[in-house]
Amino acid sequence: MKLAKKHFRIAEILAMSFIGGCTEKETEEYVAWKQEREENEELAGLILNRDNYRNFERVSERFDCEAGWKEFAAKYPLVTGQGTNRHKGKFGRRIVRLGWVAAVVVMLGGILFWLRDARLAESRLDSGVAYRLKAGTTGAQLILADGEVRKVTGNQTFLYRETDSTIVLTDSAGIDYAVCPAGDENKLMNTVRTLTGMEYALTLADGTKVYLNAESEIRFPMVFNSKQRVVEVTGEVYFEVAKNAACPFVVKTRDLSVKVLGTSFNVRAYDEDHTVFVTLTEGKVQVFDGCQFADIVPGEQAVYGKATKKLEVNCVEVSRCMAWRNGMFIFRNERLEDIIICLARWYDIKYRFMDERIKDVRIGAKLDRYADMNPIVEMLTVNPAISVELVDGEYCIASK
């Protein structure tokens, strides 16, 4: 209560300063308060800024100020002078004498508490309770045939020379093997790998365009032979395959192989996931799990369960499956654990589920992939079933 009374007194002095009516004693109190801490001087500057006053005045019009004052007076009767007859009489005479100045006291008192709460919230953000998490960026690792690892980024141009003197070009559009094709006898293999929080694009020697999501990898020959174009992938990769009816394009994962002639499709095959997905957007592909074949057409998705060893085909909403390529996250009634795993790959966050039940909570959302993660955290915290707390840089997620 003493703190509230002091805040009210400072607000009163600031109100008088606001209209240029401070007494010598009030000026001394004001100076002493400002010198107590550096934040006080900054806070006073914010309060005495007439633009801030007008903004707060506009905000306050949306609330019942009289009801708010009554609630404040009931909670702090000695501060407002309504706790005893002696205080009430003194405060009443002040209202009569100062008139509108007293109203300024009330409003600036509100500004004081409002701004201090905002500063406390900002302080909590700075201290790591909920710091700003930036979205991923364009970049990858290029692993040359001799094992040398080169870092590639989306805003720089480099020329790399392979062991057979073949030139590899990287620029803002990604790596392009079609610009400086290797000789037909070239059997060298390259690997492009994205780390957590990265995405990257490249063009293979046949003109096929490849887009890698975070924590993904593709291994491929610098030049394809005349019978088959074979690449190996892990993670999530989208292909726009150059048409060549005489030379099928084959994508191999640890569990499946996908054979196409010329088409666009998405492969999601993270090692740690329990399921492999192949989603077709254009053309036709054939999926093989070592035992059975499955043909899929646009709008369908081949789903392979690693534990069950079963391959099935489902109709899906392709735009949702391809949201990452269009700069979005789209989740429709999905498990919270699966959503957090997806977000962690892009935002590079550490997390821990505090109980098993929370993993199966299902939510939906449509979010900007290139925005920071704070709106996502806020979305989770307002969910009545989810508790999110940041502890030592790790998001602890629990049931409420």
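**Exercise 1. The hairpin of E17 and E18**

Strands E17 and E18 form a hairpin with four residues between them. The model is a predicted one. State which residue in the turn has a positive phi, and describe how E17 pairs with its partners.

*Solution.*
Step 1. Look at the turn: Lys-309 has a positive phi of about 60°.
Step 2. Look at the pairing inside the hairpin. E17 runs antiparallel to E18 (residues 310-315), and six bridges join the two strands. In one of these bridges, Tyr-304 has Leu-311 of E18 as its partner.
Step 3. Look for another partner of E17. Strand E14 also pairs with E17 in the antiparallel sense, over five bridges. Here Val-278 is bridged to Ala-302 of E17.

**Exercise 2. The two sides of E17**

Sort the residues of E17 by the way they point, and decide whether they are buried or exposed.

*Solution.*
Step 1. Recall the rule: side chains alternate between the two faces of the sheet in a regular strand.
Step 2. Apply the rule. Glu-300, Ala-302 and Tyr-304 point one way, while Gln-301, Val-303 and Gly-305 point the other way.
Step 3. Check the cover. A residue is buried when its relative accessible area is under 20%. Both sets are buried, so the count for E17 is six of six residues.

**Exercise 3. Two helices compared with the expected span**

Compare the lengths of H10 and H2 with their expected spans, then find which residues of each helix are buried.

*Solution.*
Step 1. Take H10, residues 336-347. Its twelve residues reach 16 Å from the first C-alpha to the last, close to the 16 Å expected at 1.5 Å a residue.
Step 2. Take H2, residues 24-36. Its 13 residues should span 18 Å at 1.5 Å a residue, and the end C-alpha atoms lie 19 Å apart, which agrees.
Step 3. Find the buried residues of H2: they are Glu-26, Tyr-30 and Trp-33. Down the helix axis they fall within an arc of 65°, so they line one face of H2. The general reason is that an α-helix has 3.6 residues a turn, so residues three or four places apart point the same way.
Step 4. Turn to the other face of H2. The exposed residues there are Glu-24, Lys-25, Glu-28 and Gln-35.
Step 5. Do the same for H10. Nine of its twelve residues are buried, including Leu-336, Ile-340 and Trp-346. After the helix comes Asp-348, with a positive phi near 55°.

**Exercise 4. The largest pocket and the second largest cavity**

Describe the volume and lining of the largest pocket, then those of the second largest cavity.

*Solution.*
Step 1. The largest pocket has a volume of about 1,000 Å³. Its lining has 37 residues, and Arg-268, Asp-273, Phe-277, Glu-334 and Asp-338 lie nearest the centre.
Step 2. Assign the lining to elements. Those giving two or more residues include E14, E17 and H10. The largest share, eight residues, comes from E19.
Step 3. Sort the pocket lining by type: 16 residues are nonpolar, eight polar and 13 charged.
Step 4. Move to the cavities. Two have a volume of 30 Å³ or more, and the second largest holds about 40 Å³ of space.
Step 5. List the lining of the second largest cavity: Ile-340, Ile-349, Tyr-351, Met-373, Leu-380, Val-388, Tyr-395 and Ile-397. By type, eight are nonpolar, with no polar and no charged residues. Ile-340 in this lining is also one of the buried residues of H10.

Note on methods
Residues numbered from 1 in each chain as written. Predicted model: local features only at pLDDT ≥ 70, side-chain atom pairs only at ≥ 80, totals over all residues. Heavy atoms only, no water. Expected span 1.5 Å × (residues − 1). Buried < 20%, exposed > 50% of the residue type's maximum accessible area, 1.4 Å probe, protein only. 1 Å grid on protein atoms, 1.4 Å probe; cavity = no way out; pocket = protein on both sides within 12 Å on 5 of 7 lines; lining within 4 Å. Points joined across faces, edges and corners; volume = space filled by probe spheres on them. Nonpolar A, V, L, I, M, F, W, Y, C, P; charged D, E, K, R; others polar. Pairing = 2+ DSSP bridges. Arc of directions from axis to C-beta.
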